[in-house]
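Biologist: Please take a close look at one loop residue here, then set it against the rest of the model.

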Amino acid sequence: MEKPVYYKTKKALANILTHSFLLIVAAACVLPLLWMVSSSLKTQATVFSDMSLIPKVFHWENYYVAWTKGGFDKYFFNSLSYTVVVVVGIVFITSLAAYGISRLKMPGKNIIFFLFLAAMMIPIPGGFIALYALLNKLGFLNPNTGYAFLDDLIRRLGYILPLVNQGLALGIYLLKISFDNMPSDLEDSASIDGCSKLGIYWHIALPLAKPAIAIVIIFNALNVWNEYILAMLILQDKSLMPLQRGLMVFQGAHITQYPLLMSGITIATIPIILVYVFMQRQIISGITAGMAR
Amino acid sequence: MQKIRVRDITGNYLYVLPAVILFLTFHIYPFINVFRLSLFRWDGLSPVMQFVGLANFRDIFTASPEWWFSMWHAFYITMFTLIFQNGLALILALACDRAIRSANIYRIIFFIPPVLSGIVVGLIWQWIYDGNYGLLNYWLEKIGFGYLSRTWLEDPRTALTCVAIVHMWKGFGWGFIILLAGLQSIPRQLYEAARVDGAGAWDIFRKVTVPLMVPVFVLVIILTILNTMQIYDIILATSHGGPAGHTEVPITMILHSMRDYREFGYACAQGVVIGVMLLIVSFALIRVSKGVRQE
């Protein structure tokens, strides 16, 4: 009778140890973020003295100030519009290409596919220098059409197009696999009913690829929302900057205004965390799918 | 009939055309151009480019200790990350693989830092490390280690390690997810069979888990090296490469060459040097792992 009890306590002890370890690490993950939110609700006067995690008074007006005077309204809508435009662009361009590569007759299509995959694997640490030079040469950086709104549009496009390019390889890879698994009798019966190739792509292939499309959307949305280096190199006008760039500009200009800076960081972080919590299943399955490569 | 088919196939290429055009313009062309530009002296603006052959590379290898210091810094952070981040990730993955309840909640929490941007993470931690008002000094004071407090990111002795810790905080959840997925793909019967044969936990780990996980380990190691050697946003948001260049890394050096000195050719040569080194290391690791698996 002694043995089972011994084993039980040993197992219980191991469980307690495991859980407390996991809890400590989880707390280390969350605490800096709670600290960020808590600091964003303090004032310039209390933020350096009141180190408690729950502020005594909640100064929500910091968010109002950051939003209106700190320029985070512009940064936020810029980030949002860049993200939406880039992601929509990627979904259409990669799904068309993946559909072509997967289902249509096209000599040399395997070479195209292989090129995209190879590009995904080879790092180019200096790539942004050549990209900057290219955008400059193509006139995206200093457009001069005589119309301010058109100039702005061209500048934005100079940021959007390279980001669309960044999402191509992963999108084509995931969507091609998804289209490869599409049953071909569906396709045949649709074409007998008089459906064109484009119609089959739109009405049959795309709806069937929804899970893969969800992964493409999430990963690229995260990538664009968090992008910094290209925005730093090519967007010098505050009215065009996305959040990450805006945060660095704000920090450079108001180095000690921690409550406002933390409000800005919270504004930049909340959407990401919301998307993540709602989509974590797809995100994790996407990583596991990417591993299979 | 033949004509229709040819036109049909030509039409099919329209599907890949937008992707291929974007890809050739914004990926392949810059990729090739990095190599071409590395042979020139160019300020990035003037139409005149001076061909200098391999002079940029000669300068990097013989006359640029700062560059190799930056490589050493990135290497230090990489080793730190490989050992501590991946060690932690593996322990956590093993703990969660033991079918404990609420594993899913841990999984969600551990993966929050990886989805944040390097800028956001850097700015939060830059304040935690702050010498005057930072959270770290405050807590050290509270638990009686006040004598340890310092301006963490401005002290040459601590700055690099502090940055490495931030990088690790942001990255371990990502290694954890991959390792856990790998662990969960191991058939449970193998463990049971080993247990029936009388193997202890350590033996099972060594003889069953590790051999099956080698490909996953190699994947994590390669991705860690590629990610960490090219670290920049956390550095820009915390230490800006300071104090006195003690946290400069290759990408921030390339940015200096490009923006501060306007030496685009030299910056490209620096990019080629680290890019080729990373490629060699990745291939070597893949080779080694194949050798291990065959044994």
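Modeller: Arg262(B) is partly exposed, because it has 14 other C-beta atoms within 10 Å (20 or more would be buried, 12 or fewer exposed, and partly exposed is in between; C-beta atoms are placed from the backbone). The model is predicted: local features need pLDDT of at least 70, side-chain atom pairs count only at 80 or more, and totals for chains, interfaces and linings use all residues. Residues are numbered from 1 along each chain as its sequence is written, while chains are lettered from A and ligands numbered from 1 in the order in which they are written.

Arg262(B) sits in the loop between H12 and helix H13 (264-294) of chain B (helices are DSSP runs of H or I with at least four residues, strands E runs with at least two, numbered from the N terminus). Its phi is near 50 degrees, which is positive although Arg262(B) is not a glycine.

Ala244(B), another residue other than glycine, also has a positive phi, of about 50 degrees. Ala244(B) lies in the loop between helix H11 (233-238) and helix H12 (250-260) of chain B. Ala244(B) counts as exposed because 10 C-beta neighbours lie inside 10 Å.

Beyond these loops, chain B meets chain A through 66 residues, against 64 residues from chain A (contact means C-beta atoms within 7 Å). On the chain A side, the elements that give two or more residues include helix H1 (2-40), helix H4 (109-121), H3 and H6. H12(A) gives the largest share of that side, 13 residues. By class, the chain A side has 50 nonpolar, 13 polar and one charged residues (Ala, Val, Leu, Ile, Met, Phe, Trp, Tyr, Cys and Pro are nonpolar, Asp, Glu, Lys and Arg charged, the others, Gly among them, polar).

H3 (residues 72-103) and H6 (residues 148-180) of chain A also pack on each other: their axes come within 7 Å and cross at roughly 40 degrees. H3(A) and H6(A) are therefore oblique to each other (under 35 degrees is roughly parallel, over 145 roughly antiparallel, 65 to 115 roughly perpendicular, the rest oblique). The contact of H3(A) with H6(A) holds 17 nonpolar, six polar and three charged residues.

As for confidence, chain A has an average pLDDT of 86, and 96% of its residues score at least 70 (the scale is the predictor's confidence in each residue, from 0 to 100). Among the elements of chain A, H3(A) has the highest mean pLDDT, 94, and helix H7 (residues 184-192) the lowest, 78.

How values were computed: Axes fitted to C-alpha atoms, helices over the stretch in contact; angles between N-to-C directions. Contact = placed C-beta atoms within 7 Å.
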